[in-house]
Amino acid sequence: MIQELLVAVVAAGSAGALYLAAAARVVKQYEQGVLFRLGRVSGDVRQPGFNVVIPFVDRLHKINMQIVTLPVPAQEGITRDNVTVRVDAVVYFRVVDAVSALIKVEDYKFAVSQMAQTSLRSIIGKSDLDDLLSNREKLNQGLELMIDSPAVGWGVQVDRVEIKDVSLPDTMKRSMARQAEADRERRARIINADAEYQASKKLAEAAQQMASTPSALQLRLLQTIVAVAAEKNSTLVLPFPVELLRFLERAQQPPPNEPAQQPPPNERAPQPMPNGSAAPGLAEPVHLDPGAP
């Protein structure tokens, strides 16, 4: 009798252990459990920890509540300014309603992936190339809004969408490189011209200042000589003021009110008399005939 009782207790304990093993469920900290009892959602969402279900009657589905990083495959499209590009992106989303994510959509990850690809192609067609390259923050916001609108009904919340890379054709890359080079050259020329303009203004002011103080020009000349001599060159270039040359040129010219200098009397040419004879006191010119004896 006692032996049969022990056997019954052991059998009941084994059955209880098997039942507990079949009914025990553990939900991790980053998960939530949705309980289906005979095919229908039963009760609230099961929280992380140890949970017990009815074997062969209840089924517990666990939903990951972590943020999911979903890469969007590169999509090829034509921008609004008729440039063919390939753009890829990444979507960060998480499940906020485990029941809706499990019931209202068959596979929420695949649904978000397809919606992201469609929205990315739509953004490419509505944007210019310059916006894709330089104004990505605005495009990211628009892409996030397009994906998040239908995902709200699936119990999914889109946290962030980022455009990773924009691939351009080789011809477009060369054209943009030439454009950037031309723009750099234009800015360099403008900067050089502005520097020359400012330097000319300063030189004009310095020239006016030196004109009012002539000794400043001499001091500047001495400073230039010292600067050139400090280089230890074998050749010394000495600038010569143009004003000094003009002064020497003016010194050689006679004053405008001074009469012209007359030659001495003995060097004057003989003046003929009215009767054809030479002036008195001067020898009469002799004409020789080559045929005379």
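These exercises, with worked solutions, concern a predicted model.

**Exercise 1. The core**

Task: Identify which residues touch the most other members of the largest nonpolar core, and state which helix gives the most to this core.

Solution:
1. The largest nonpolar core has 37 residues; those touching the most other members are Val85, Val91, Phe93, Tyr108, Val112, Ile147 and Val156.
2. At least two core residues come from each of several elements, including strand 7 (84-95), helix 3 (108-126), helix 5 (136-151) and strand 8 (156-167).
3. Helix 3 gives the most, with 7 residues.
4. To see one such residue in place, take Val156: leaving aside residues up to four places away in sequence, Val156 touches Phe93, Arg94, Val95, Val96, Tyr108, Val112, Asp148 and Ala151.

**Exercise 2. Helix 3**

Task: Check the span of helix 3 against the value expected at 1.5 Å a residue, then find what its buried residues pack against.

Solution:
1. Helix 3 has 19 residues, and the expected span is 27 Å.
2. The C-alpha atoms at the ends of helix 3 are 27 Å apart, so the two values agree.
3. Buried means under 20% relative accessible area. In helix 3, the buried residues are Tyr108, Ala111, Val112, Ser113, Ala116, Gln117, Ser119, Leu120, Ile123 and Ile124.
4. These buried residues pack against strand 5 (58-64), strand 6, strand 7, helix 2, helix 5 and strand 8.

**Exercise 3. Salt bridges**

Task: The structure contains 8 salt bridges. Compare the location of the pair Asp159 and Arg94 with that of two pairs in helix 6.

Solution:
1. In the salt bridge of Asp159 with Arg94, the closest N and O atoms are 3.6 Å apart. The pair links distant parts of the chain, with Asp159 in strand 8 and Arg94 in strand 7, 65 residues apart.
2. Asp159 is partly exposed at 29% relative accessibility, and Arg94 is partly exposed at 30%.
3. Within helix 6 (residues 170-212), Arg186 and Asp183 are 3 residues apart, about one turn. Their salt bridge is 2.8 Å, N to O.
4. Glu185 and Arg189, also in helix 6, are 4 residues apart; the closest N and O atoms of their salt bridge are 2.8 Å apart.
5. An α-helix has 3.6 residues a turn, so residues three or four places apart point the same way.
6. Arg189 counts as exposed because its relative accessibility is 58%, over the 50% cut-off. Glu185, at 40%, is partly exposed.

**Exercise 4. A surface patch**

Task: Name the residues that make the nonpolar surface patch of about 390 Å², and place Phe50 in its element.

Solution:
1. Leu20, Val26, Phe50 and Val52 make the patch.
2. Phe50 lies in strand 4 (residues 49-52).
3. Phe50 has a relative accessible area of 53% and is therefore exposed.

Notes: Residues are numbered from 1 along each chain as its sequence is written. This is a predicted model: local features need pLDDT of at least 70, side-chain atom pairs count only at pLDDT 80 or more; totals for chains, interfaces and linings use all residues. Side-chain values use heavy atoms; hydrogens and water are left out. Patches are made of residues with over 30% relative accessible area and no salt bridge: like charges are joined within 9 Å, nonpolar side chains (Val, Leu, Ile, Met, Phe, Trp, Tyr) within 5 Å. Accessible areas come from the Shrake-Rupley method with a 1.4 Å probe; for residues, only the protein chains shown count as cover. A salt bridge is a side-chain nitrogen of Lys or Arg within 4 Å of a carboxyl oxygen of Asp or Glu. Buried means under 20% relative accessible area, exposed over 50%, partly exposed in between (1.4 Å probe, protein chains only). A nonpolar core is a set of buried Ala, Val, Leu, Ile, Met, Phe, Trp, Tyr and Cys residues joined through side-chain atoms within 4.5 Å. Contact means heavy atoms within 4.5 Å. The expected span of a helix is 1.5 Å times one less than its number of residues.
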